[in-house]
Amino acid sequence: MCGIVAYVGPRLAYPILIKGLHRLEYRGYDSAGICLLNGELKVWKCKGKVSELEKYIEGEKLEGTIGMAHTRWATHGEPNQINAHPHYSQSKHLSIIHNGIIENYLVLRKELQQRGFTFTSDTDTEVLIHLIEDIQQNENVAVEEAVRIALTQVIGAYAIVVLSQDNPDKIIAARKGSPMVIGIGEDEFFVASDATPIIEYTNNVVFMNDEEIAIIERHQELKMRTVRNQERTPYIQKLEMSLTAIEKGGFPHFMLKEIFEQPRSILDSMRGRLHLDQDTVTLGGIRDYLPKILNAERIIITACGTSWHAGLVGEYIIEDLARIPVEVEYSSEFRYRNPVISEKDVIIAISQSGETADTLAAIELAKSKGATVLGICNVVGSSIARATHAGVYTHAGPEIGVASTKAFTAQVVVLTLMGLLLAEKKGTLPESYLHKLRLELGIIPSKVEKILQRADKIKDIATIYKDSTNALYLGRGYNFPVALEGALKLKEISYIHAEGYPAAEMKHGPIALIDKNMPVVFIAPKRGIYEKVITNIEEVRARKGNIIAIITEGDESVRKLADHCIEIPDTEEMLIPLLATIPLQLLSYYVAVMRGCNVDQPRNLAKSVTVE
Ligand code: F6R
């Protein structure tokens with residue numbers, strides 16, 4: 001969702017800001033704007049892409065070594081030029097960009113209107129900049145103090161940057177509930193909603209905490225205070241992220257690059273954790289909490305979207321291996337439904353971005369009830385990683401394509417490692433079986449590689465089905481979450497309506513949809529209740545549905561029934577999701593490209609959903 005980037009230092013701000021906005025495009029947005037401070041505050045903004053903003057300001061004098069820029073994902077007010085950020089204060093001496101939602105903006109707006117402020121936009125953000133100006137004028141305080149006082153009056157979530165014409169060397173940034181990172185270079189500072197616009201300039205970063213205000217001034221040390229006016233010492237961290245990780249590296253889209261990165265990202269997610277030489281698993285991040293997990297009455301996994309699908313695979317794995325009851329809940333439902341939670345429960349929150357608002361709220365709820373809360377996150381230093389008691393990073397590397405791919409497989413690997421570790425400690429299964437699983441997990445990257453080599457075959461199938469209007473994805477057991485994930489991938493990037501179902505549920509409704517125009521994707525490897533899946537395939541065939549089947553290499557039985565088959569190598573049943581998901585990602589990708597869709601930034605979607 002909305003993206004923020006700001007700069008102060010010796011260089012021209014404009015090229016840094018525009019490049020930063022491009023790097024943040026993956027978050028999803030519908031308008032963009034920029035503000036440069038060079039004697040006076042100058043704002044340019046427009047509806048649409050960053051490239052449209054660039055065209056819009058062509059020929060303008062884009063000078064100044066301090067500035068800020070924004071991509072907006074509309075919440076309050078439609079996506080248009082007026083509602084785009086930055087917003088001026090009434091006197092045009094201040095300007096603001098904002099991510100998040102000010103919940104009490106209507107009350108504040110009314111009060112400000114009574115005091116003579118006029119509003120040009122429908123946004124909640126404009127309220128905040130008028131409020132800051134009102135405080136500055138009435139109380140005659142420095143801009144950072146006016147920001148601080150204003151923030152004591154707002155309810156909601158924010159990451160803001162404020163520039164002041166009267167303070168030409170100063171950037172004020174603050175956060176609560178929306179992420180913000182400060183990059184510290186040589187005599188220069190960068191501010192952004194995540195590290196991607198920063199890493200090409202510096203690896204030294206400060207992740208801001210909730211209710212912190214940063215006073216960033218040219219030639220000065222970074223200063224931080226809290227909204228309650230306490231001084232804070234900035235904690236500078238070294239970021240281990242390379243520029244190549246956030247560039248396309250010769251691929252036409254980030255999504256394809258990220259699909260093809262999976263042999264490597266899967267390996268990275270088990271590196272230093274799966275010890276084949278010692279026949280064991282370690283997870284340093286949750287070591288101190290192991291007794292708690294082993295004695296848990298149940299585990300509740302909470303997440304959204306693709307991460308929720310990974311959670312479903314995790315439920316099957318942990319119950320199978322460790323015999324601890326597991327429930328999987330959408331964070332958005334969990335947080336509002338008054339769930340029964342106690343100190344004996346362990347909650348696992350899964351999130352690629354680590355910023356998903358509903359998952360963060362679910363974590364806070366679980367913590368307030370005394371539960372132990374663990375995180376499985378991809379983004380280092382993210383809000384969820386910090387809000388949880390402990391956790392395990394997935395180490396999949398930055399995921400820029402909006403559709404989650406390599407993060408999913410990395411999440412499943414971490415959940416498998418957790419299952420193996422718990423089984424090892426609890427002694428629930430024979431060591432020989434655990435040994436076999438560990439070995440098999442270790443060679444999964446090479447099996448993924450083999451599937452990727454068959455991408456052209458999947459492309460051919462995509463050519464046949466690219467004009468479909470619907471699709472059904474069916475699987476059983478471990479392959480039910482895979483079916484859900486396959487359907488989600490297709491609908492989100494190709495806009496084809498797709499549904500995932502447990503194959504046996506087909507008879508209870510979806511079978512009515514099946515005719516000669518309906519593609520049905522079966523995840524049908526030769527493991528688990530394979531024979532039952534064959535029966536389901538027969539049922540679809542009898543109704544003339546078009547069958548695309550994911551099968552185990554060499555399986556002739558399903559091949560005879562299906563219209564098209566995609567082979568995956570054989571593996572242990574619980575590891576099949578790590579393989580079967582790959583062709584489904586590729587199928588969605590090729591279909592979307594053939595339909596001319598914007599694969600990396602599908603319409604209406606945001607990479608990190610920081611509002612509920
Ligand atoms: C689907 C997708 C989304 C996310 C969901 C949760 O491809 O990317 O469904 O999985 O928004 O996001 P995180 O994992 O960042 O909490």
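Start by selecting β15 (237-238), α7 (262-270) and α12 (383-387), each of which supplies at least two residues of the lining of the largest pocket. Bear in mind throughout the tour that the model on screen is predicted. Among the elements of this lining, α7 provides the largest share, with three residues. The pocket itself has a volume of about 920 Å³, and 43 residues line it; to centre the view, pick E240, M241, N378, G397 and P398, which lie nearest its centre. If the lining is coloured by class, 14 nonpolar, 15 polar and 14 charged residues appear.

Next, colour the chain by domain, with domain 1 covering 3-243, domain 2 covering 248-442 and domain 3 covering 452-598. Which domains contribute to the lining of the largest pocket? At least three of its residues come from each of domain 1 (3-243) and domain 2 (248-442). The C-alpha centres of domain 1 and domain 2 lie 34 Å apart, and the contact between them involves eight residues of domain 1 and nine residues of domain 2.

Stay with β15 and bring up the sheet to which this strand belongs: eight strands form an open sheet in the order β3-β2-β4-β1-β10-β9-β11-β15, and their pairing is antiparallel. The edges are taken by β3 and β15, each of which has a single partner strand, so one side of each is left without a neighbour in the sheet. Now move to the β3 edge and select residues 31-38 for strand β2 together with residues 40-47 for strand β3, which pair in the antiparallel sense over eight bridges. Two of the facing pairs can be labelled here: L37 stands opposite L41 in β3, while G33 has K45 of β3 as its bridge partner. The hairpin of β2 and β3 has one residue between the strands, and there G39 takes a positive phi near 85 degrees. To see what lies across this sheet, add helix α1 (residues 13-24), which lies across β1 (3-8), β2, β4 and β10 (189-192) and runs at about 160 degrees to β1.

From the same sheet, keep β4 (66-72) and add β6 (94-102), since the next stop is the largest cavity, to whose lining each of these strands supplies at least two residues. How many residues does β6 give to that lining? With three residues, β6 gives the most. The cavity has a volume of about 120 Å³ and a lining of 16 residues, of which C2, W73, T75, H98 and G100 lie nearest its centre. By class, the lining of this largest cavity divides into four nonpolar, 10 polar and two charged residues.

The structure holds three cavities of 30 Å³ or more, and the second largest, with a volume of about 90 Å³, can be reached by selecting β23 (470-475), β25 (519-523) and α20 (576-594), each of which supplies at least two residues of its lining. Among the residues to show as sticks around this second largest cavity are Y465, Y473, L490, I496, P519 and V591. What is the class make-up of this lining? Its residues divide into 10 nonpolar, one polar and no charged; S468 and A471 are also found among the lining residues of the second largest cavity.

For the last stop, turn to another open sheet, made of five strands in the order β19-β18-β20-β21-β22, in which the pairing is parallel. The strands at its edges are β19 (326-330) and β22 (390-393), each of which pairs on one side only. Averaged over the sheet and with direction ignored, neighbouring strands are turned by 20 degrees against each other. Select residues 298-303 to pick out strand β18, which runs parallel to β19 and is joined to β19 by five bridges; within this pair of strands, I299 stands opposite V326 in β19. Finally, add helix α9 (residues 305-322), which packs on the sheet and touches β18, β19 and β20 (345-351), its direction making about 175 degrees with that of β19.

Conventions
Residues are numbered from 1 along each chain as its sequence is written. This is a predicted model: local features need pLDDT of at least 70, side-chain atom pairs count only at pLDDT 80 or more; totals for chains, interfaces and linings use all residues. Side-chain values use heavy atoms; hydrogens and water are left out. Two strands pair if DSSP finds at least two bridges between them. Helices (H or I, at least four residues) and strands (E, at least two) are DSSP runs, numbered from the N terminus. Axes are lines fitted to C-alpha atoms, for helices over the stretch in contact, and angles run from 0 to 180 degrees between N-to-C directions. Contact means heavy atoms within 4.5 Å. On a 1 Å grid over the protein atoms alone, a cavity is a set of points where a 1.4 Å probe fits but cannot get out, and a pocket is an open set with protein on both sides within 12 Å along at least five of seven lines; lining residues have an atom within 4 Å of a point. Grid points are joined across faces, edges and corners, and a volume is the space filled by probe spheres set on the points. Ala, Val, Leu, Ile, Met, Phe, Trp, Tyr, Cys and Pro count as nonpolar, Asp, Glu, Lys and Arg as charged, and the others, Gly among them, as polar. Domain bounds come from an automatic or database domain assignment.
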